[in-house]
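Student: I have a new structure here and I'd like to know why its parts get the labels they do. Can we go through it together?

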Amino acid sequence: MDAPRLVAPSAAWKDSYRSLVDEFAASNEPAVPFTLAFPHENFEAFLAELAGAARGVGIPSSFVPHSTFWLVRGAEVAGVSNLRHRLNDELLIEGGHIGYGIRPSARGQGLGREILRLTLLEAARLDLGRVLLTCAKDNPASAAVIAANGGRLESEAYVEARGKVTQRWWIDVRGGAPAQSA
Ligand SMILES: CC(C)(COP(=O)(O)OP(=O)(O)OC[C@H]1O[C@@H](n2cnc3c(N)ncnc32)[C@H](O)[C@@H]1OP(=O)(O)O)[C@@H](O)C(=O)NCCC(=O)NCCS
């Protein structure tokens, strides 16, 4: 099978994208990243919404422009990531630059590491310099993904909006995505 890669959302992956969203719903998991909650019955309108968001068009005034990527492996959309083009006061506390999710049936195979690595390359393309990731302390899989991608834990604090202790991690992308640790 070809190596997993990031693609821009497109109609070519409609059925597989929908099955990924269904898997998240069936396992009663929150939609992460948040674009998984966008309505997609009208797929063309959904794609236009994502494309607009990357240009800062059609987003709430409290939002920053954000790009969504799909991690494709073989014929399947295995994961979704979302890259915020800059931070605002809210994202600095909760949300950070990047959110990502792997469909439940594809977890535990290194795809979480890979989707973050590839999205960090996109962050480097945007010249972000340093990338902030926030992660609930009770999500050890995500913390492992971040640490494997060169994350440095800055702080841990209770975040009221999430009702959880949240970790804040930074990754330096000035030289591209950092090498992964074993
Ligand atoms: C977090 C998530 C992306 C990880 O995806 P994944 O494909 O299973 O990740 P990987 O296979 O690359 O595994 C990465 C690491 O997590 C570890 N891991 C996986 N599940 C784990 C668990 N339940 N508890 C502890 N560690 C776990 C793996 O052992 C691996 O660690 P290692 O590299 O030290 O061996 C996935 O669980 C997910 O989509 N969760 C829901 C959305 C979410 O929480 N996103 C992150 C928001 S901050």
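Tutor: Sure, and let's start with a definition: a helix axis is a line fitted to C-alpha atoms over the stretch in contact, and angles between N-to-C directions run from 0 to 180 degrees. Keep in mind that this is a predicted model. Here helix α4 (residues 111-125) packs against helix α5 (residues 140-148) at an angle of about 50°, and their axes are 9 Å apart.

Student: Why are α4 and α5 called oblique to each other?

Tutor: Under 35 degrees would be roughly parallel, and 65 to 115 would be roughly perpendicular. The angle of α4 and α5 is about 50°, and therefore the two are oblique. Their crossing is right-handed.

Student: Which residues make the contact?

Tutor: On the α4 side they are G112, R113 and L116, and on the α5 side A141, V145, I146 and A148. Sorted by type, five of the contact residues are nonpolar, one is polar and one is charged.

Student: Now the sheet. What makes it an open sheet with edge strands, and which strands are those?

Tutor: The sheet has three strands in the order β5-β7-β6, with antiparallel pairing. β5 (130-136) and β6 (152-159) each pair on one side only, and they are the edge strands. Neighbouring strands are turned by 25° against each other on average, direction ignored.

Student: How do you know that β6 and β7 count as paired?

Tutor: Pairing takes at least two bridges. Seven bridges join β6 to β7 (residues 164-172), and the two run antiparallel. For instance, V159 has K164 in β7 as its bridge partner.

Student: And how do you know that β5 pairs with β7?

Tutor: Use the cut-off of at least two bridges again. Seven bridges join β5 to β7, and these strands also run antiparallel. One bridge partner of note is W170 in β7, which faces L132 in the pairing. In general, strands of a sheet pair through backbone hydrogen bonds.

Student: What makes β5 "largely enclosed" by the rest of the structure?

Tutor: Five of its seven residues are buried, so β5 is largely enclosed.

Student: Why does A177 count as buried?

Tutor: A residue needs 20 or more other C-beta atoms within 10 Å to be buried. A177 has 20 such neighbours, so it counts as buried. You'll find A177 in the segment after β7. Leaving aside neighbours within four places in sequence, A177 is in contact with R117, L120, L121 and A124.

Student: Where is A177 relative to S27?

Tutor: They are 150 residues apart in sequence, and 31 Å apart in space from C-alpha to C-alpha.

Student: Why is N28 called exposed?

Tutor: Exposed means 12 or fewer neighbours. N28 has 6 C-beta neighbours inside 10 Å, so it counts as exposed. N28 sits in the loop between α1 and α2, and its phi is positive, about 55°, although N28 is not a glycine.

Student: What makes D127 exposed?

Tutor: The limit is 12 or fewer, and D127 has 8 C-beta neighbours inside 10 Å, so D127 counts as exposed. D127 lies in the loop between α4 and β5. D127 has a positive phi of about 60°, though it is not a glycine.

Student: Last one: which peptide bond is cis, and where is P33?

Tutor: The bond from V32 to P33 is cis, with omega near 5°. P33 has its place in the loop between α1 (14-26) and α2 (43-54).

Notes:
Residues are numbered from 1 along each chain as its sequence is written. This is a predicted model: local features need pLDDT of at least 70, side-chain atom pairs count only at pLDDT 80 or more; totals for chains, interfaces and linings use all residues. Helices (H or I, at least four residues) and strands (E, at least two) are DSSP runs, numbered from the N terminus. Angles under 35 degrees count as roughly parallel, over 145 as roughly antiparallel, 65 to 115 as roughly perpendicular and the rest as oblique. A crossing is left-handed if the near helix is turned anticlockwise from the far one by less than a right angle, and right-handed if clockwise. Two residues are in contact if their C-beta atoms, placed from the backbone, lie within 7 Å. Ala, Val, Leu, Ile, Met, Phe, Trp, Tyr, Cys and Pro count as nonpolar, Asp, Glu, Lys and Arg as charged, and the others, Gly among them, as polar.
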